[in-house]
Amino acid sequence: METVSENRCFEGVQGVYTHKSDVCACDMTFGLFMPPQAKVQTVPVVWYLSGLTCTHENAMTKAGAQRWAAEQGVAVVFPDTSPRGEDVADDDAYDLGKGAGFYVDATQDPWAPHFQMLSYVADELPALLFKEFALAEDAQAITGHSMGGHGALTLAMARPDQYVSASAFAPIANPTGSDWGRKQLSAYLGDDESTWAKHDSTLMMREHGHPNHILVDQGADDQFLDLLKPEALSEAMAAKRQQGTFRMQAGYDHSYFFVASFMEDHIAFHADALYGV
């Protein structure tokens, strides 16, 4: 692991680091905010998964998480959204390939050699961070925006013992029924739609949900509502009687202005769960 930069931030440290990923077979970059409390103790960690076209940097600089993370005493990790490099497959479209990993482990060519983002985010990167930083392995939470909200919810429901709490900002809520999903899942996983179900938060919610509270915020004026399909997830949560909060926020769109507006709520939500472990 190499340090790209470290900056003092709200009495903590916002760092950017690179490392060689074995599962993605390329160099990967991530951001990590360590709160001031980490100087004297291990701290819980919140994983923030970003959306389409983003890198580690977008949320790190736009979401405003550091202020609230420092106040609550939690670390925040900002992984990249896909593998990178000259040898990594890509597509001319913005919603497939680099910047659009969808947090799945690809099984189809040309994506399979590098696009192993589920294993990277949930296994390889945590193992590295718990070794190198003062993070509490038994106190992890996960959140994300758009494609990252899809990743956060699906990972949390697939691994309830790993993620104490889960939240999402405007998640791609029903990708098997949306153009933001069917295209990518078929490319990465093949045409057998039975393999897609474990990457669809609406279907996973109907099947088993999450044992703890889930928080979802969705902008009512989001320009991508037809692609995100929040109503499908909301209906599934109600049918499952999932302990959770689903909020339609009047006047808000899909931008980081929306994310930043409710970041305090999400960090506090996760801190309450993490410190209650």
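**View 1. Asp80, a buried residue, and its partner Arg84.** Asp80 has a relative accessibility of 4% and therefore counts as buried, a word that stands for under 20% relative accessible area, whereas exposed stands for over 50% and partly exposed for anything in between (1.4 Å probe, protein chains only). Arg84, at 27% relative accessibility, counts as partly exposed. The two residues are joined by a salt bridge, with their closest N and O atoms 2.9 Å apart; the term requires a side-chain nitrogen of Lys or Arg within 4 Å of a carboxyl oxygen of Asp or Glu. This is a predicted model, in which local features need pLDDT of at least 70 and side-chain atom pairs count only at pLDDT 80 or more, while totals for chains, interfaces and linings use all residues. Residues are numbered from 1 along each chain as its sequence is written, and side-chain values use heavy atoms, with hydrogens and water left out.

**View 2. The salt bridge between Asp95 and Lys183.** The side chains of Asp95 and Lys183 meet at 2.7 Å, taken from N to O. This pair links distant parts of the chain, since Asp95 lies in the loop between β5 (75–79) and α3 (117–132) and Lys183 lies in helix α5 (residues 179–189), 88 residues apart. Helices (H or I, at least four residues) and strands (E, at least two) are DSSP runs, numbered from the N terminus. Asp95 counts as buried at 9% relative accessibility, whereas Lys183, with a relative accessible area of 33%, is partly exposed.

**View 3. Asp123 and Arg159, with further salt bridges elsewhere in the structure.** A salt bridge joins Asp123 to Arg159, and the closest N and O atoms of this pair are 2.7 Å apart. Here too the pair links distant parts of the chain, with Asp123 in helix α3 and Arg159 in the loop between α4 (147–158) and β7 (163–169), 36 residues apart. Asp123 is partly exposed at 37% relative accessibility, and Arg159 is partly exposed with a relative accessible area of 24%. The structure holds seven salt bridges, and a network of them links Asp217, Arg247 and Asp265.

**View 4. The surroundings of Ser50.** Ser50 is found in the loop between β4 (43–49) and α1 (57–62), and with a relative accessible area of 1% this serine is buried. Contact here means heavy atoms within 4.5 Å. When neighbours within four places in sequence are left aside, Ser50 is in contact with Thr55, Ala59, Thr81, Tyr103, His145, Met147, Gly148 and Tyr256.

**View 5. The largest nonpolar core, with Leu129 in focus.** A nonpolar core is a set of buried Ala, Val, Leu, Ile, Met, Phe, Trp, Tyr and Cys residues joined through side-chain atoms within 4.5 Å. The largest such core has 92 residues, of which Leu32, Tyr48, Leu129, Leu135, Ile142, Tyr188 and Met263 touch the most other members. Helix α3 gives the most to this core, with nine residues. Not counting residues up to four places away in sequence, Leu129 touches Phe30, Leu32, Trp47, Val77 and Leu135.

**View 6. Aromatic rings around Tyr188.** Rings of Phe, Tyr and Trp (its six-membered ring) count as a pair if their centres lie within 6.5 Å, and planes under 30 degrees apart are called stacked, those over 60 edge-to-face and the rest tilted. By this rule the structure has 11 aromatic pairs. The rings of Trp111 and Tyr188 have centres 5.5 Å apart and planes at 90 degrees, so this pair is edge-to-face. Trp111 lies in the loop between β5 and α3 and Tyr188 in helix α5, 77 residues apart, so that distant parts of the chain are linked. Trp111 counts as buried at 6% relative accessibility, and Tyr188 is buried with a relative accessible area of 0%. Phe115 and Tyr188 have ring centres 5.6 Å apart and planes at 20 degrees, so this pair is stacked. Phe115 also lies in the loop between β5 and α3, 73 residues from Tyr188 along the chain.

**View 7. Met157 and the residues that it touches.** Met157 has its place in helix α4 and is buried, with a relative accessible area of 3%. Apart from its neighbours within four places in sequence, Met157 is in contact with Ser201, Met204, Met205, His208, Gly209 and His210. The C-alpha atoms of Met157 and Phe258 are separated by 25 Å, and these residues are 101 residues apart along the chain. Phe258 belongs to a cluster in which ring pairs link Phe169, Tyr252, Phe258 and Phe262.
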